[in-house]
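Please look over the sequence and the model shown below before reading on. The report that follows describes one sheet and its helices, then the cavities, and then a few single residues.

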Amino acid sequence: MTTRRQLLGSIPATGAAFALGGALVSEGPAHAQEARPVLEGHFHPKGKAPSPHTIRILEDSRATLPFADTRDIAEQERGLIARRTDPRIMADAGNVAFDMSDYDFLNGTGDFDSIHPSMTRIARLNNNFGLYEVVPGIYQVRGFDLSDMTFVRGKTGWILIDVMTTVETARAAWDLFQEHVGEGLPVAAVIYSHTHGDHFGGVRGVVTDEDIRSGRVEIIAPDGFMQFTISENVYAGNAMNRRLFYQYGLLLPVAPHGFVTQGLGHRIPAGATSLIAPTRLVSDPIEEFEVDGIRMIFQNTPNTEAPREMNTYIPDLKALWMAENVTATLHNIYTLRGAPVRDPLNWARYINEALWLFGQEAEVMFASHHWPRWGNDRIREVLRDQRDLYANMNNQVLHYANQGVTINQIHNVYRMPASLQQKWHCRGYHGSPEHNARGVVQRYLGFWDCNPATLIPLSPEDSAPLYVEMMGGSATILAKAAELHDSGDYLHAVEILNKLVLAEPANADAKDALADAFEQLGYQQENPGLRNSFLAAAYELRTGIPQGTIASSSGPDVIRAMSTELFLNFLGIKMDSRRAEGLSFVMNLVTPDNGERFVVELSNATLTNIEGYQAEDADLTLTVNRSDLERVMGGVATLEDLLAEGAAQAEGDLAILGQLAGLMVEFDPRFEIMPGTKSRTDLPDGEALQAEIGAVIPE
């Protein structure tokens with residue numbers, strides 16, 4: 001299990017002052033925008049109030065959105081049995097895993113001038129910290145985690161559908177459930193709906209290895225679950241974790257001017273993640289069998305919201321589980337933290353299939369986030385709308401692309417149909433129409449806009465100095481940026497200030513001005529990922545990247561689940577090929593305990609491997625049990641350590657191992673995104689931020 005402490009753990013989540021502001025921020029000379037006053041009560045000492053332009057945009061949004069439709073509010077409240085008395089869920093490591101009281105500022109009915117009114121609405125709906133009845137025999141705990149946990153009454157015990165992100169939140173959900181409903185009955189089965197960490201990471205909070213070994217608990221998942229659970233987030237995992245700081249606002253305190261909600265739920269909890277491999281896989285497109293005496297029909301929906309995902313229908317209860325394929329939001333086609341672009345037309349096709357297979361008779365529909373929908377008419381409405389949402393985005397973006405609209409224009413051209421814009425469950429609380437539209441173009445046509453000027457572009461930091469020179473230098477740019485800012489033209493201000501910051505990363509005035517523009521754009525966003533990204537960039541421009549403890553991105557469960565081939569492929573990614581010029585070797589790897597054999601070859605500054613073969617002329621043959629190799633994979637031992645203790649045997653040139661180790665690079669999990677924001681190392685003792693990253697990459 002991997003423990004990830006809550007980022008900025010030493011900063012009050014909703015306090016009026018930013019605890020480390022004075023130490024973290026090096027004040028520069030006043031710049032052209034300093035007339036805009038610092039906002040008292042903002043979590044950052046340079047934070048600004050929403051401008052009149054921002055306030056007007058938020059007021060206009062409130063006037064045009066369907067606030068008269070309050071069905072979601074009634075559905076969210078329905079079936080409440082009990083709330084957890086203690087708002088804090090503690091992690092086993094001693095830190096706070098999740099604190100619902102962080103979101104007390106959302107209580108009430110008023111609006112905030114720094115939060116889009118639609119975001120305020122979904123944030124309040126996500127304040128559902130309790131146990132709910134879906135229908136007799138089906139219950140959910142919501143609000144403890146980014147995701148929900150569902151309980152279905154079986155013949156001998158409870159069937160759990162998705163088990164949250166962390167061991168601690170899952171355990172707390174189970175405890176609350178047992179206190180009020182569970183009758184002391186055990187877990188009979190666990191169903192993982194799909195391959196994202198916020199749906200399986202809490203499994204060891206409710207299931208033990210002995211439960212699995214004894215056969216008391218069955219774990220069911222879609223075919224290919226383990227392969228895609230690991231592979232989707234390994235190869236680019238370090239970059240994904242760093243980008244997660246922006247999409248999920250991990251450095252932002254929970255506050256009206258900072259983090260508000262993540263749309264699907266509130267924040268990722270800061271606890272321990274785990275993984276137990278499935279004991280039964282659902283392989284057929286439609287597969288029916290009993291789970292602890294309950295008849296279930298599984299619909300495999302590969303390459304939709306996740307590489308492997310499945311919906312589940314419980315016909316005797318007329319209950320339809322839509323996993324994360326249908327929730328109360330437009331989801332991500334392109335995910336800001338990074339992932340292969342999803343197939344929206346395929347997604348729409350599977351929703352349509354669910355509508356016709358199950359939606360004609362279902363009386364309740366529920367999912368791994370948000371709240372259920374009751375009544376067949378309501379279920380069919382939501383399914384049709386969500387089907388049309390993804391199909392329209394796919395088809396109309398391609399309609400424009402086939403007329404020459406490029407990836408750099410489509411987000412300003414594509415608009416969802418007005419009828420869908422007036423449906424709350426189609427609003428962009430996780431995906432946004434803007435970044436999803438670009439994702440569709442990327443999926444079909446790639447990054448290039450077909451203008452040769454952008455085919456082999458200069459790197460931004462290389463072209464920026466010429467732009468700055470041609471614009472008349474930093475003073476001229478700052479003056480113009482202040483004018484644009486004061487007129488509410490923040491995107492144009494960002495356009496020129498970004499060039500200046502790229503050209504002059506040490507220019508404090510430029511960074512502050514860019515941060516001010518980002519902040520206003522953040523306040524204006526309905527989509528949490530967009531808001532968090534703008535505000536996170538503003539934070540890092542003002543503060544730098546905080547130092548902190550870095551946790552491993554892979555706990556023991558994940559390491560054991562990683563295939564040997566996946567590990568060897570990742571070594572090829574970690575290897576700096578510039579160091580490998582002129583080097584070559586052939587190595588045999590044998591793992592007797594699981595019968596694997598590999599040839600690992602370094603040639604042409606490239607590390608490759610192939611399973612099932614052995615080279616007769618190998619320079620080195622290394623024999624080590626896979627169980628021992630996992631210690632190397634987890635970073636707790638080296639191959640040399642294993643050789644020294646006799647856990648590995650080698651024949652041939654042992655120098656190859658040292659040579660290979662010398663080619664590897666440890667990725668920096670705090671690499672710079674905004675120019676001039678290198679990790680801060682000048683913090684006074686005792687004031688370093690306790691920032692641990694890498695526990696789990698969700699969604």
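Which strands does H19 lie across, and at about what angle does H19 run to S21? H19 lies across S19, strand S20 (596-603) and S21, and its direction makes about 170° with that of S21. Angles of this kind run from 0 to 180 degrees between N-to-C directions, with axes that are lines fitted to C-alpha atoms, for helices over the stretch in contact. Helix H22 (residues 655-662) also packs on the sheet, where H22 touches S19, S21 and S22 and has a direction at about 100° to that of S19.

This is a predicted model, in which local features need pLDDT of at least 70 and side-chain atom pairs count only at pLDDT 80 or more, while totals for chains, interfaces and linings use all residues. Residues are numbered from 1 along each chain as its sequence is written, and side-chain values use heavy atoms, with hydrogens and water left out. Helices (H or I, at least four residues) and strands (E, at least two) are DSSP runs, numbered from the N terminus.

**The sheet and its helices**

The sheet is open and has 5 strands in the order S21-S20-S19-S22-S23, with mixed pairing. Its edge strands are strand S21 (606-611) and strand S23 (648-652), each of which pairs on one side only, where two strands pair if DSSP finds at least two bridges between them. On average, neighbouring strands of this sheet are turned by 20° against each other, direction ignored. S22 and S23 run antiparallel and are joined by 5 bridges, and valine 624 has alanine 648, in S23, as its bridge partner.

Turning back to H19, its buried residues (buried means under 20% relative accessible area, exposed over 50%, partly exposed in between, with a 1.4 Å probe and protein chains only) are Thr564, Leu566, Phe567, Leu568, Leu571 and Lys574. These buried residues of H19 pack against helix H7 (225-231), S19, S20, S21 and H20, where contact means heavy atoms within 4.5 Å.

Helix H20 (residues 626-633) is mostly covered, since 6 of its 8 residues are buried, namely Arg626, Asp628, Leu629, Glu630, Val632 and Met633. What covers the buried residues of H20 includes helix H18 (556-561), helix H19 (564-574), strand S19 (585-591), strand S22 (620-624) and helix H21 (639-645). Just after H20, glycine 635 takes a positive phi of about 80°.

**Cavities**

Rolling a probe the size of a water molecule over the atoms shows where empty space is left. On a 1 Å grid over the protein atoms alone, a cavity is a set of points where a 1.4 Å probe fits but cannot get out, and lining residues have an atom within 4 Å of a point. The count comes to 6 cavities of 30 Å³ or more, and the largest cavity holds about 80 Å³ of space, a volume being the space filled by probe spheres set on the points, which are joined across faces, edges and corners.

Residues that line the largest cavity include Val326, Met365, Phe366, His369, Trp371 and Arg373. The whole lining divides into 7 nonpolar, 3 polar and 1 charged, where Ala, Val, Leu, Ile, Met, Phe, Trp, Tyr, Cys and Pro count as nonpolar, Asp, Glu, Lys and Arg as charged, and the others, Gly among them, as polar.

**Single residues**

The table gives the relative accessible area of some residues.

| Residue | Place | Relative accessible area |
|---|---|---|
| Aspartate 162 | strand S8 (residues 158-163) | 0%, buried |
| Lysine 318 | loop between strand S15 (310-314) and strand S16 (319-321) | 36%, partly exposed |
| Asparagine 127 | loop between helix H4 (117-125) and strand S5 (130-135) | 15%, buried |
| Glutamine 524 | loop between helix H16 (508-523) and helix H17 (528-543) | 13%, buried |
| Valine 413 | loop between helix H10 (376-401) and helix H11 (418-421) | 33%, partly exposed |

Aspartate 162, a residue other than glycine, has a positive phi near 65°, and lysine 318, which is not a glycine either, has a positive phi of about 50°. Not counting residues up to four places away in sequence, asparagine 127 touches Gln76, Arg83, Met100, Tyr103, Leu106, Asn107 and His266, glutamine 524 is in contact with Thr54, Ile57, Leu58, His116 and Tyr490, and valine 413 touches Tyr400 and Val405.

Methods: 1 Å grid on protein atoms, 1.4 Å probe; cavity = no way out; pocket = protein on both sides within 12 Å on 5 of 7 lines; lining within 4 Å.
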